[in-house]
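Biologist: I should be grateful for a close look at a single part of this protein, namely the end of the chain and whatever surrounds it. Please begin with the whole and then work inward to that part.

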Amino acid sequence: MKARLLGAALAAAASVSMAAAVAPSGAAAAGKHPAAASYARSYDAHLLAHSNTVRSSRHTHDYVMNHKLWVIAHAWAKHLAKTGTLAHNPRLSQRISKVCPHWTAIGENVGMVTGTDANTLFQAYMRSPEHRANILSRHYRQVGIATVKTTVNGQVVQWDVMDFGNHC
């Protein structure tokens, strides 16, 4: 199995660079892992669980999955799968500003992996300094994780987008 990642950039107020569930803030504050909502694939829920396990071990708040961020991530993951090209969402700040006008930090991870093991993609993210920084960032409290599965030449390909933010 191989994973491809595109460098991620952190964003704060003016400059920008970029699965999913909605959990009550009490669950995150209590250190529990938010359960995946019905719109999330189990693959996305595994990425969330891996992210929150690592964040908890570093005494960082768990991510709360956000449906608004998931919708944006899912639309972009579908685009990546359709085009077969790994790229950041050039309109990320515009899209998030429409649904979360009070955000102060946003970021994005995008990745592609063959196979069905979410841990393969997560480990690739953690080996990349930029992707790791997004996953561990204390600037983000919410995330939308969306992965679209395709089959290319008989191989399963997962196209993943993790949209990070706060105040959404």
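**From the whole chain to its C-terminal end**

Modeller: The protein chain exposes about 7900 Å², of which carbon and sulfur atoms supply 55%. The model is a predicted one. Of the 168 residues in the protein chain, 48% are buried. Its secondary structure amounts to 6 helices and 6 strands, and along the sequence these follow the pattern β-β-α-α-β-α-α-β-α-α-β-β.

The part requested is best approached through strand β6 (155-165). This strand is mostly covered, since 9 of its 11 residues are buried. β6 pairs with two other strands. With β4 (105-114), β6 runs antiparallel, and 9 bridges join the two; in this pairing M112 stands opposite W159 of β6. With β5 (142-152), β6 also pairs in the antiparallel sense, here over 11 bridges, and T150 stands opposite V157 of β6. β5 and β6 form a hairpin with 2 residues between them, and N153 in the turn has a positive phi of about 50°.

The strands also contribute to the nonpolar interior. The largest nonpolar core has 20 residues, and those with the most contacts inside it are L47, I135, V143, I145, M162 and F164. At least two residues of this core come from each of α2 (42-57), β4, α5 (118-127), α6 (129-136), β5 and β6. The largest share, 5 residues, is supplied by α5. Another core, of 14 residues, lies apart from it and includes A77, A81, V148 and W159. W159, a member of that other core, is thus the β6 residue already named as standing opposite M112. In soluble globular proteins, nonpolar side chains tend to be buried together.

One helix that supplies the largest core deserves a brief check of its geometry. At 1.5 Å a residue, the 16 residues of α2 should span 22 Å, and the end C-alpha atoms of α2 are 22 Å apart, so expectation and model agree. The buried residues of α2 include L47, L48 and V54, and also Y43, D44, S51, N52 and R55. L47 is also among the residues with the most contacts inside the largest core. After α2 comes H59, whose phi is positive, near 60°.

The segment after β6 can now be considered, beginning with its covalent link. A search of the whole structure finds 1 disulfide. The disulfide is formed by C100 and C168, whose sulfur atoms are 1.7 Å apart. C100 lies in the loop between α4 and β4, whereas C168 lies in the segment after β6, so the pair ties together parts that are 68 residues apart in sequence. C100 has a relative accessible area of 2% and is therefore buried.

Polar contacts involve this segment as well. Q142 is placed in strand β5. With a relative accessible area of 15%, Q142 falls under the 20% limit and so counts as buried. Its side chain reaches the backbone nitrogen of H167 at 3.4 Å. A polar atom of the Q142 side chain also lies 2.9 Å from the backbone nitrogen of C168. Q142 thus approaches the backbone of C168, the residue that forms the disulfide with C100.

R141 lies in the loop between α6 and β5. R141 has a relative accessible area of 39% and is partly exposed, in contrast to the buried Q142. The C-alpha atoms of R141 and H167 are separated by 8.2 Å, although the two residues are 26 residues apart along the chain.

A further contact involves T104, which lies in the loop between α4 (92-99) and β4; C100 lies in the loop between α4 and β4 as well. T104 has a relative accessibility of 38% and so counts as partly exposed. A polar contact of 3.1 Å joins the side chains of T104 and N166. T104 is also 8.5 Å from H139, C-alpha to C-alpha, with 35 residues of sequence separation.

Taken together, N166 contacts the side chain of T104, H167 is reached through its backbone nitrogen by the side chain of Q142, and C168 combines a backbone approach from Q142 with the disulfide to C100.

Note on methods
Residues numbered from 1 in each chain as written. Predicted model: local features only at pLDDT ≥ 70, side-chain atom pairs only at ≥ 80, totals over all residues. Heavy atoms only, no water. Helix = DSSP H or I, 4+ residues; strand = E, 2+ residues; numbered from the N terminus. Buried < 20%, exposed > 50% of the residue type's maximum accessible area, 1.4 Å probe, protein only. Polar contact = N/O pair within 3.5 Å; in protein donor to acceptor, adjacent residues only side chain to side chain. Core = buried A, V, L, I, M, F, W, Y, C linked by side-chain atoms within 4.5 Å. Areas by Shrake-Rupley, 256 points an atom, 1.4 Å probe, with all protein chains shown as cover. Expected span 1.5 Å × (residues − 1). Pairing = 2+ DSSP bridges. Disulfide = S-S within 2.5 Å.
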